[in-house]
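Colleague: I'm new to this one. Could you walk me through how to read it?

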Amino acid sequence: MIPGGIGRTTAPAYRLDPIYLGCKSERFAYYSNQWHRARQMARTKTGGAALLNIENFCRPDSPHYQKPQDARPQNGMVEWADIGPGQSIVDTDDWVHVTQNLRPMDARRAFPTQGWKVHVSATAEDAARTLEICSAICRRSKTPYKFAPSVNDVIVRNAKYADRAASGKFITIYPESEEKLKVLLPQLEEALGDAGVVGPYILTDMQWQKAPIFLRYGAFKLIQRLIEGELTPCIQRPDGQFVADRRMPYFELPDFVTVPEFLKESYERRIGTNREELFPFEIIEALHFSNAGGVYLAAPMLKPVERRVLKEARPHVAADSSGDYAVTRLANEAATLDALHSVDGVAKFHSLFQFADHTFLEMEYVEGVTLYEWVAQNYPFGTTMDVELYLDRSLEIVNRLSRIVSEVHDNGIAIMDLQPRNIMVGKNDKVTLIDLELAQSCDSPSKRSMGTPGFMPQNLLCPKEHDLYALTKTAIHMFHPVTPLSSISDSIWTNQRDYISSHFGSRPLAAIAEISRLSSHILTAESATKHGARAYRHVEPLELSDTMFADKLRDGIIRAEQHRRESNLFPGSYAQFEHLGNWNFFSGAAGVGMTLNREGVTTIQVRSSIIKNIDEMIRDRTSDLMRGSLGPACYLAEIGETGSSKDVAENLYRSRQERHLPGFALGMLSLAACGVEVETGQIEHLYSLLKEMVENAPASFAESTSLFDGWAGASIALTAFGNYTAEPSWHHLAAGAVLNAESRMTDGPDGSLQVDDGRRILPYLGNGSAGYLVALALMDREVLNPRLTKLIPGLLKATEVRTCLYPGLFDGMAGLVLASTIAKRRLSEYLDHCDEAAADAVYPKLRAHTFVTREGLVQVSGTGSRRLSVDYASGNAGVLSAIRSIGGEDMSWLPIASPGNLFKIGVN
């Protein structure tokens, strides 16, 4: 099978062009949640890269996520652009646009909105020269173009975990006709070829000739239309129909486009019709993709029963801080594996070869799962699960891993990227190292070229001690899997030590101490003050009541706004840099403002900022309660700005999307209940659609397990409508919505009932068991039939866990404790031995995630555990809402206007 066609049948099976290798294919994504699901193929819009691109938002001198552009010098590349009279410059966050000032007679001629556009790629070293050449040609030909603003942008776009669909795109040129394109291409080819500049292959495009010049047919101007419920960038067919302008990490030609004669050779070369070279392997499976290249399970053509792993390196991408590209690191890994051939516990080297400019490493296929997966599958997350078997097996893995690392060091080599995803655990818990691309001599000066957050020391250590640090962190991770928090503060060890001792006893601590004994720098260095984000210390292990903790979280929000240096109103998840992310409920000002309003804190700046940007929200066509403009509308309604709230709501109703219907209906109903003049017919129509959805249970809707987009959200919305109208039939529909989701629920190893989203099983409030538990707790008792009440104990058990990677309301511990408390209060008659007055304390379970900034602000770690957040979905605001709800008003956490209008506040 051709790797470019993984997931589909293609013939002949032995032909391959690795320019497409991993392009049009499925991606294995790894997920870590309670009782981890086996890896599943999952295509994403960015080919999987965006999930891993969090480092782009982590600036060393800030404890909060930042836009990647915030770190760049303003207009860093402009000085190299040949800008002449009659040209205008517009500098946006992502691009510098250069356009031609049109004469009156030319202004009447409309510039096309789509066509063949040219992308020119560049390395960081060649970027300035490339821009100088291309801008001069564009100036002379009066052709508009845009370019990345700085060298740092070029590095970010070409990084290992950059978006593969955008990687390499340094300059984009917009020829107004095919005739002009035909003239431009040879000029660019000659000038760039003479200059000897190079750049990475752009996966979305076809290459012109040999210079880093690429082409695709697409939009020149952003035009968006609703397609399958999504606001989507579009191009227009000749018949006027708008279709998606897809930007996938492989080449696609719209079916209505004819390739010009002068581009046919490039096109045929791109689709592989003129390649005769034979690839010596059959690709069986794609294991992983990054912008650096793919990792594949393969069979040699001459030995088809054998299995190998092929690692691919694309040229001119994934440079590290030492200047080494992916190809250099892959060659280094090959040499390292060859040198360690006698070490049992290191994957075996077979060959290193090139094919069509790409480099491939052939190595042993090691069966099993990564240690990261092994922990996720076997860790006793549930509070009733026995720890002894896990403890014994984990300590044996730590011992085996320590022996392998020692043997590697005896061979004079340091691993330099030892971490759970680079360690395989096979049959009988056999341990094997599989990724050594950063390895170096033990005697050479340490270089921090790359590494895994949480497993690499911030201070430079000698290579051996670097590995011992990573080995110590790996051992700690096996007993308290929140290691990425070290990216915020190394002082996390104090809390991890207490946690491990409490849940696993002294044996793991003795094993960790034995590793750290080999170097005096490992655990003692963690309390040292370091530069940047790590200077933020872990919260002192004081005994705080939840009330005191909540007060500190509230102050951490208020004072964060006072101390902010960033453009965003409040520091939150990196989702705040998405469309409306700075204003919505999920990551923006509306969620934080609503929380503060319910705390009795005046939020004048939030109000004024949202009102100031109300036009943008009125234009928004995203009906997602959490991520769209409905959240700000709910906030405005609750603070009395019903007129502005109505303006936003009216536009959203016209552009509503079916997949967001439950949350949208709930939010709109809350506006009506709060005094916003929403037409009664609109509310009735939304709920008739919801009724139809529950009765017909469409398969497309059943795919979502999100709290406000799935069946749990539908149930909560229908219960609200039943309360609002006093009509019993809506309560019966609420029960039906949960029953529709019953097939998505599966048993966990501890007897819990988890939600299966098709990729993983989940306990969380935002997308798992806890959401359905809350839906059941809100239901009218008359509709809680035996089939539903049977679900309650298992769903409750899913919320009772020892630890979570995140602290937040929707994807972490705060939401689990909240759901557990609501269920114990409202559903106690269906639970054995339930003390309905008892509520779990939140602070002890969140201590590991709570930090103190330089300014003395208490804030929790956000999504990704790399930086702090005060937003609603993942940070302080959500945790604060959970604590206040646990304290009595158990539905005041809901992200709608005045939830007390729709739900009985407090205990039933």
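Modeller: Sure. One term to start with: contact means heavy atoms within 4.5 Å. And keep in mind that this is a predicted model.

Colleague: Okay, how do I read two helices that pack, say α17 and α18?

Modeller: In general, you describe such a pair by the angle between the axes and the distance between the axes. Here, α17 (residues 642-654) and α18 (residues 661-673) pack at about 145°, with axes 11 Å apart. Their crossing is left-handed.

Colleague: Which residues of α17 and α18 meet?

Modeller: From α17 you have Ser-645, Ala-649, Leu-652 and Tyr-653, and they meet Phe-664, Met-668 and Leu-671 of α18. That contact splits into six nonpolar residues, one polar and no charged.

Colleague: And what about the largest nonpolar core, how many residues does it have?

Modeller: The general idea is that nonpolar side chains tend to be buried together in soluble globular proteins. In this model the largest nonpolar core has 129 residues, and Met-668, Leu-671 and Trp-893 are among those with the most contacts inside it. Leaving aside neighbours within four places in sequence, Leu-671 is in contact with residues including Leu-630, Ala-649 and Ala-897.

Colleague: Now a single residue: is His-731 buried or exposed?

Modeller: Buried means under 20% relative accessible area. His-731 has 7%, so it is buried. You'll find His-731 in helix α22 (residues 728-740). Not counting residues up to four places away in sequence, His-731 touches Thr-719, Gly-722, Asn-723, Asp-780 and Val-783.

Technical notes
Residues numbered from 1 in each chain as written. Predicted model: local features only at pLDDT ≥ 70, side-chain atom pairs only at ≥ 80, totals over all residues. Heavy atoms only, no water. Axes fitted to C-alpha atoms, helices over the stretch in contact; angles between N-to-C directions. Helix = DSSP H or I, 4+ residues; strand = E, 2+ residues; numbered from the N terminus. Left-handed = near helix turned anticlockwise from the far one by under 90°. Nonpolar A, V, L, I, M, F, W, Y, C, P; charged D, E, K, R; others polar. Core = buried A, V, L, I, M, F, W, Y, C linked by side-chain atoms within 4.5 Å. Buried < 20%, exposed > 50% of the residue type's maximum accessible area, 1.4 Å probe, protein only.
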